[in-house]
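Me: I would like to learn how to read a model like this one, going from the whole fold to a single loop residue. Could you take me through it step by step?

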Amino acid sequence: MTDAMRAETVAITGAGGDEIEAYLAQPLDRSPVGGVVVIHHMPGYDEPTLEITRKLAAHGYLAICPNLYWREAPGARPDDAAAAARARGGVPDDRLVGDVGGSVAHLRSLASSNGKVATIGYCSGGRQSFLAACSLPLDAAVDCYGAFVVGTPPEGMPLKVGPIKHLIKDLSCPLLGLFGADDQYPTTDQVAELEQELKDHGKTYEFHTYPGAGHAFFSVNRTAYRPEAAMDGWQQIWTWFGNHLS
């Protein structure tokens, strides 16, 4: 870990050439390192997500988190921006790919980048990390309990997205999946279905499912937090990025 970093809000070019807000954290050691795009969860561009971005920088990676709700509510509090995004059914898939693509380009433009970039996301962001990895040339991806890669949201859920497992053939990089055995979105059956599709397409992947953990087990500020699962999950993430971004 490094004891010196710089973290700040920056403007990047996202989908459609739009200028959007993003949070950039980078170690001050100028040696070339890999980068990670952090894709925030449905609650939005909030403090826990920005802390994850700084955590990645503390472990020696360039890290950026684009504010996917910037267009809906520029400058708004995370809760208000998330409410505005939910009212529209979430972030359109094509716009997500454009915003993550802009984030990847920003990381690769930095003087301390070694050119390698991964994505990581939680909940809706896990699905979007998978989507980005099937749509952009990346070096690695992490899906933390991404809902609706397989299956569709139930009636009444504000998220309006469809399954994207048909994109597996286009997966551009190795995929790490971290799931809770007690989760309902995705269920263990949906995780098994996704795993079988990855096997059938000859993709490089590694899945870990944690007994006694449900959705959001990484979230230290929620009752769903499961320390043992989260600690092991982070170790899997560090190993994955160490293998694929160095």
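**Surface, fold and one strand pair**

Reply: Let us begin at the outside of this predicted model: the accessible surface of the protein comes to about 10,300 Å², and carbon and sulfur atoms contribute 51% of it. As for charge, there are 19 positive and 29 negative side chains, with the centres of the two sets 3 Å apart.

Me: What radius of gyration does the protein have, and what would a compact globule with 246 residues have?

Reply: The idea is to set the value beside the one expected from chain length: a compact globule with 246 residues would have a radius of gyration near 18 Å, and the 17 Å of the protein agrees with that. Along the principal axes, the C-alpha trace spans about 45 × 40 × 35 Å. Buried residues make up 53% of the 246, and of the contacts with a separation of 6 or more, 70% are between residues 24 or more positions apart.

Me: How many helices and strands are there, and in what pattern do they follow along the sequence?

Reply: The protein has six helices and eight strands, and reading along the sequence gives β-β-β-α-β-α-α-β-α-β-β-α-β-α.

Me: Which strands are joined to strand 2, and in which direction do they run, parallel or antiparallel?

Reply: A general point helps when looking at any sheet: in a regular strand the side chains alternate between the two faces. In this case, strand 1 (residues 5-13) runs antiparallel to strand 2 and is joined to it by nine bridges, while strand 4 (residues 62-66), also antiparallel to strand 2, is joined to it by four. Tyr-23 in strand 2 shows both pairings, since it stands opposite Thr-9 and has Cys-65 as its bridge partner in strand 4. Strands 1 and 2 form a hairpin with five residues between them, and Gly-16 in the turn has a positive phi of about 70°.

Me: Is strand 2 mostly covered or mostly uncovered?

Reply: Strand 2 (residues 19-27) is mostly covered, with eight of its nine residues buried, where buried means under 20% relative accessible area.

Me: And where is Gly-75 found, and is this residue buried or exposed?

Reply: Gly-75 is found in the loop between strand 4 and helix 2 (78-87). Its relative accessible area is 65%, and because the cut-off for exposed is over 50%, Gly-75 counts as exposed. Sequence separation and spatial distance should be read side by side here: Gly-75 and Glu-21 are 54 residues apart in sequence, and their C-alpha atoms are 8.9 Å apart in space.

Note on methods: Residues numbered from 1 in each chain as written. Predicted model: local features only at pLDDT ≥ 70, side-chain atom pairs only at ≥ 80, totals over all residues. Heavy atoms only, no water. Helix = DSSP H or I, 4+ residues; strand = E, 2+ residues; numbered from the N terminus. Rg over C-alpha atoms; globule rule 2.2 N^0.38 Å. Buried < 20%, exposed > 50% of the residue type's maximum accessible area, 1.4 Å probe, protein only. Contact = heavy atoms within 4.5 Å. Areas by Shrake-Rupley, 256 points an atom, 1.4 Å probe, with all protein chains shown as cover. Lys, Arg positive; Asp, Glu negative; His and termini not counted. Charge placed at Lys NZ, Arg CZ, Asp CG, Glu CD. Pairing = 2+ DSSP bridges.
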